[in-house]
Amino acid sequence: MARIQVLDQMTIDKIAAGEVIERPASIVKELVENAVDAGASTVTVEIEDGGIALIRITDNGCGILREDIRNAFLRHSTSKIRCVEDLSRISSLGFRGEALSSIAAVAKVELITKPGEDAFGTRYVIEGGREVSMEDAGAADGTTFCVRQLFYNVPARRKFLKTAITEAGHVQDLLMRLALSHPEVGFRFLNHGQEKLRTSGSGKLDEVIYSIYGRDVASNLLELDHRAPGIRIRGYIGKPVITRGNRNFETFFVNGRYVKSAMISRALEDACKDFMMQHKFPFAVLAFEIDGEQVDVNVHPTKMELRFQKQQEVYNTVFEGIHRRLLEPELIPRVEVPE
Ligand code: ADP
Ligand code: MG
């Protein structure tokens, strides 16, 4: 008998899911990004047991048409791109069409959704990649995903999860960044029914910073708006009086997408070095608008690390913009802090 076999689809999906879904926070990232892509103006995230027992995400976005629901849970199914050329002009956060199939492969998922134009909503249940039911349901416009018992069918992965408290911390940290990257969306986060985060959705980044980090940070910010060819950097850096003990207070977005970038961190820190004590890190929330062709978001399934066409130029622009701003203390605009 031959020894090499093609794996069955369920096994393939479970393995592939591991690339996208590492922990509850990965699910929250994917589903919140979907909600933002769906045009939601409010997104509520609720978790229990660090998201291992339950993650519920409710949005008021465009909803999913009933005839699209089964497709949405197939691998590589997306409404966001149609061909490879679209990759260079992506404006949505998602495009790989991997999240829903991955989540459904390793958890029990209930979806309730209703597009504004439909009279009825639909309730769809899929567990471990197997459809359980699809039926009419009364629902508000928008979409709710309930994800229960993460990794119930992949014990090896479950073992790698940390305590509920640690996992809840990862979820909260991620939601803070997503809220910062989308000031136009009102976010609410509840852990075991307790509200941990709330932003207004007013569109004002300094208000989001205030909601998340409080008055001490919000009243010590320098606003930044720096342009160079093909790139614009907007946001806030903390005045040197509010330096932090670690890098967790550096948040970057590139074209609306929360990213990590060692290169941007380095440029920021190098620019701040002369103004801060050693072993301290700046506070910064920076939104980059970079010509879509200059960045490749297609690097990793979780899309956190970007590749820039012109690394050195981006470094220089970040360094210059920030350095120059720090040298102009007399130009500090007063940031209005709500009472
Ligand atoms: P991607 O986001 O890469 O397209 P996903 O697997 O995350 O892939 O989602 C598949 C499709 O399901 C999306 O392209 C979108 O059409 C639809 N979808 C997912 N979540 C939502 C949502 N909250 N509201 C509306 N449509 C959604
Ligand atoms: Mg997606």
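# Exercises on a predicted model

In this predicted model, helix 2 (24-37) and helix 4 (99-106) each put at least two residues into the shell around ligand 1.

**Exercise 1. Work out what surrounds ligand 1: how many residues are there, and which are the closest?**

Start with the count: ligand 1 has 22 residues around it. Next, pick out the closest ones, which are Asn34, Ala38, Thr78, Gly94 and Ala99. Now sort the shell by class, and you get 8 nonpolar, 9 polar and 5 charged residues. Last, ask which helix gives the most to the shell. That's helix 2, with 3 residues.

**Exercise 2. Describe the overall build of the chain, beginning with how many helices and strands it has.**

Tally the secondary structure and you find 10 helices and 15 strands. Then check the size: the radius of gyration is 21 Å, and the globule rule gives 20 Å for 339 residues, so the chain is as compact as a globular protein of that length. For the outline, take the principal axes; the C-alpha atoms fill a box of roughly 70 × 50 × 40 Å. Burial comes next, and 37% of the 339 residues count as buried. To finish, look at contacts between residues at least 6 apart in sequence: 66% of these join residues at least 24 apart.

**Exercise 3. Trace the run from strand 3 to strand 5. In which sense does each pair of neighbours run, and over how many bridges?**

Take strand 3 (residues 108-114) and strand 4 (residues 121-127) to begin with: they're antiparallel, with 6 bridges. To get the register, find Ile112, which sits opposite Arg123 in strand 4. These two strands make a hairpin, with 6 residues between them.

Move on to strand 4 and strand 5 (residues 130-137), which are also paired antiparallel, here over 7 bridges. This time the register can be read from Ile126, which faces Glu131 in strand 5. The hairpin of strand 4 and strand 5 has 2 residues between the strands, and Gly128 takes a positive phi near 55 degrees there.

**Exercise 4. Decide whether Glu135 is buried or exposed.**

First place the residue: Glu135 belongs to strand 5. Then count its surroundings, which gives 10 other C-beta atoms within 10 Å. The cut-off for exposed is 12 or fewer, so with its 10 Glu135 is exposed. As an extra step, compare sequence and space: Glu135 and Ile112 are 23 residues apart along the chain, with 9.6 Å between their C-alpha atoms.

**Exercise 5. Put the strands of the five-stranded open sheet in order, and say which are the edge strands.**

Reading across, the 5 strands come in the order 9-10-13-11-12, and their pairing is mixed. At the edges are strand 9 (221-228) and strand 12 (257-259), each of which pairs on one side only. For the twist, neighbouring strands are turned against each other by 20 degrees on average, ignoring direction.

Now zoom in on one edge. Strand 11 (residues 250-254) and strand 12 run antiparallel and are joined by 3 bridges. In that pair, Val254 is opposite Arg257 of strand 12.

Finally, which helix packs on the sheet? Helix 10 (residues 311-326) does, touching strand 9 and strand 10 (231-238). The direction of helix 10 makes about 45 degrees with that of strand 10.

Methods
Residues are numbered from 1 along each chain as its sequence is written. Chains are lettered from A and ligands numbered from 1 in the order in which they are written. This is a predicted model: local features need pLDDT of at least 70, side-chain atom pairs count only at pLDDT 80 or more; totals for chains, interfaces and linings use all residues. A residue is near a molecule or strand if its C-beta atom, placed from the backbone, lies within 6 Å of it. Helices (H or I, at least four residues) and strands (E, at least two) are DSSP runs, numbered from the N terminus. Ala, Val, Leu, Ile, Met, Phe, Trp, Tyr, Cys and Pro count as nonpolar, Asp, Glu, Lys and Arg as charged, and the others, Gly among them, as polar. Two strands pair if DSSP finds at least two bridges between them. Axes are lines fitted to C-alpha atoms, for helices over the stretch in contact, and angles run from 0 to 180 degrees between N-to-C directions. Two residues are in contact if their C-beta atoms, placed from the backbone, lie within 7 Å. The radius of gyration is taken over C-alpha atoms; the globule rule is 2.2 Å times the number of residues to the power 0.38. A residue is buried if 20 or more other C-beta atoms lie within 10 Å of its own, exposed if 12 or fewer, and partly exposed in between; C-beta atoms are placed from the backbone.
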